[in-house]
Amino acid sequence: MVSLPILQFEEKIVQTVQDNPVVVIIGETGSGKSTQLSQIFHRHGYSKSGVIAVTQPRRVAAVSVARRVAQELNVNLGEEVGYAIRFEDRTSPKTKIKYLTDGVLLRESLSNPELSDYSMIILDEAHERSLNTDILLGLMKRLVKLRPSNLRVLITSATLDGNKVSDFFMNCPVLTVPGKLYPVEILYSNERPTSYIESSLRTAIDIHVHEPEGDVLIFMTGQDDIEKLVDKLRDKVQSLEEGSCMDAIVLPLHGSLPPEMQVRVFTPPPQNCRRFIVATNIAETSLTVDGVVYVIDSGYVKQRQYNPTSGMYSLDVVQISKVQADQRAGRAGRTRPGKCYRLYPSKVYQDELLDVTIPEIQRSSLAGSVLYLKSLDLSDIDILKFDFLDPPSSDTLEDALKQLHLIDAIDTSGSITNVGKIMAELPLEPALSRTLLEANEYGCLSQALTIAAMLSAETSLLPGRSKHSEKKRKPPPDLPDGSGLGDHIQLLQIYEYWHQIDYHIGWLKDNDLQVRGMLFVRDVRKQLSQIIQKIAKGNLDVQEAESERERRRDYKNLRKALCAGYASQLAERMTLHNGYRTIGFKSQLVQVHPSSMLRTDDDGMFPDFVVYHELISTSRPYMRNVCAIKVSWVIPIMKKLENLNVNRLSGGSDQVTDGEQRKSSSLLQQKNLAIEQDDRESKIQAARERFLARKAEREQSLGRKAKK
Ligand code: CDP
Ligand code: MG
């Protein structure tokens, strides 16, 4: 194996780390940061006094890099070298090098704030600026002061602005490992294509027919597009005249592929064969595929963004930044000079692309992160003033504090409650943790665990939502339908039925349910119940047996628990139609997702109130996964909403006197009422107008008939 660039700087790196508690290392993607740094420090004895931790923002990367390092050191994965990702821990007391997601390290810091097991913490892929890595950066700043003699922190990155991080860490040294990147010729399109799939297909075939050997890496935005392009590319390659060009294999690469499919991209192709790798931006920095000479860049990426005023996530396809475009192009120049085909004009690159990517912390809901920070119990932390590399907007922080207060995780003065402390320990989003605790009080924890596990699967597990559902399916013969109460209950019933028939795989297939997803859920459920066993009232087995009774009660307790957990995600139906209005901070109109199992009553109306799992904006705002609830459960939550004071919740000084608070909350109340009234009135007005218009139309046509 050719020596990786980073190994040529081994001595310099070790020396610098010895002399400084924090060091930033910048190196070209593929230079060996993720796989080699941990081994370098292992060789230099750093693993004698503790474990060397390497964080990764992506689960896939944590697993694949750990596997690779175990291989290089010739040890069994899970022994000296292991990994830990959410719901999967492959480490042992022998483990010296531990790859883990940044989320897992954050959670570990709850039970052990000094992270005393570790002698070294490497925050890898810092340029991805994942939410959890950003929070860890802030925590590391405190930690190195607490453990100056026995902890070393490394921050590594491909393209990060090293000086910015260095400033953040009191001018720590920045080491740059020069990569040996070959020149990459950039070819722009004259205009943006109407279809990125077709345009990528044409470009790929053009390369295959006219260009010398070398693999082709194509950046698409998501699994659906990748699958379509892979199919088309395979067909097209097969239809080419035999002997007119070399063989080709086409491989997809994205986060939801099973691991054994992902690692296929690391095995070199057979002689005289070109590989087409169709990938998400996972291939941009986290995984390096060797042998790539040609890159096709659509210029887009799929990004989740959160709007704190509406509480809505949208999954948008957005333009990449200049940094991302350059990084993608660089993938073509690792083994020899390459070419990058940008499917957009150079003017777009110059004028439209942002210089850098917006960090996740500025486009996510922060309820979970704020709960962690609160439960770390750092006396001097005012969340609204926490030391972030790039601070989130105060809207986002306030939204998080309000959400946490509504679900009893923090009290009116912003201190974490006992409930909040337990919630933080569960590896779930705060709303789901809260649901479990509430269900525990009502004796239906076992069922809530099932729902939590079903909702934790990365893909939707309701039938008929799988991607290739265009083909006509026969209606499922024996699939539970959620008793009309909605999707949560359907998810529960599906799992319970599957459990009753001894986890029969054939039944899943017959009903178009994802086998791998369901097996994952079974595993997650088992782990969650182990974690929660400590706090569970009574015996889970007994509860399981009692689930029949809960079913006969229309799952009343379970739905009530969901309502408590998702107190900031409730909606009220409009009086005259089946649209809903969200209850909470800023009310807006939303629809039940068309695929929902929620049933209408005899008058064709949905329930008056629902709880929803997620608001997602596609063509219009939709509630995904909804469940019917009762008004009597909603009223106490609305009362709570009226008495909020964000300054106090943040843990800072209470700048508002009680009198003022009362005034402002009643103002808030008036404002909400006004919105409500407006809303109602305008709806009624609109309905009246529609009615009058219909009436006029009818009279006109009657008049015409009469004339005849
Ligand atoms: O982290 P960085 O991008 O600097 O590089 P790395 O992930 O440590 O990878 C260094 C080299 O090992 C690259 O050439 C990868 O292609 C290779 N590698 C591999 O072949 N298989 C893996 N699972 C991981 C890395
Ligand atoms: Mg890396």
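**View 1. Residues around ligand 1 in the predicted model.** In this predicted model, ligand 1 is surrounded by 15 residues, of which the closest are Gly 30, Lys 33, Ser 34, Thr 35 and Arg 68. By residue class, the shell around ligand 1 comprises eight polar, five charged and two nonpolar residues.

**View 2. Polar contacts to oxygen atoms of ligand 1.** A backbone N or O atom of Gly 30 lies 2.6 Å from an oxygen atom of the ligand, and a backbone N or O atom of Gly 32 is placed 2.9 Å from an oxygen atom of ligand 1. The side chain of Thr 35 contributes an N or O atom that is 2.6 Å from an oxygen atom of ligand 1. Of the 540 Å² of accessible area that ligand 1 has on its own, the protein covers 91%.

**View 3. Elements and domains that supply the shell around ligand 1.** Helix 2 and helix 3 (59–72) are the elements that give two or more residues to this shell, and helix 2 gives the most, with three residues. Domain 1 (5–177) and domain 2 (184–359) each provide at least three residues of the shell.

**View 4. Protein donors of the magnesium ion (ligand 2).** Ser 34, through OG, and Glu 125, through OE, are the protein donors of the magnesium ion, at 2.0 to 2.2 Å from it. The pair links distant parts of the chain, 91 residues apart, with Ser 34 in helix 2 (residues 33–43) and Glu 125 in the loop between strand 6 (118–123) and helix 5 (131–146). Ser 34 counts as buried because its relative accessibility is 13%, and Glu 125 likewise counts as buried, at 4% relative accessibility, the cut-off being under 20%.

Technical notes. Residues numbered from 1 in each chain as written. Chains lettered and ligands numbered in written order. Predicted model: local features only at pLDDT ≥ 70, side-chain atom pairs only at ≥ 80, totals over all residues. Heavy atoms only, no water. Donors = N, O, S within 2.8 Å, 3.2 Å for Na, K, Ca; no water. Helix = DSSP H or I, 4+ residues; strand = E, 2+ residues; numbered from the N terminus. Buried < 20%, exposed > 50% of the residue type's maximum accessible area, 1.4 Å probe, protein only. Near = heavy atom within 4 Å. Polar contact = N/O pair within 3.5 Å; in protein donor to acceptor, adjacent residues only side chain to side chain. Areas by Shrake-Rupley, 256 points an atom, 1.4 Å probe, with all protein chains shown as cover. Nonpolar A, V, L, I, M, F, W, Y, C, P; charged D, E, K, R; others polar. Domains from an automatic or database assignment.
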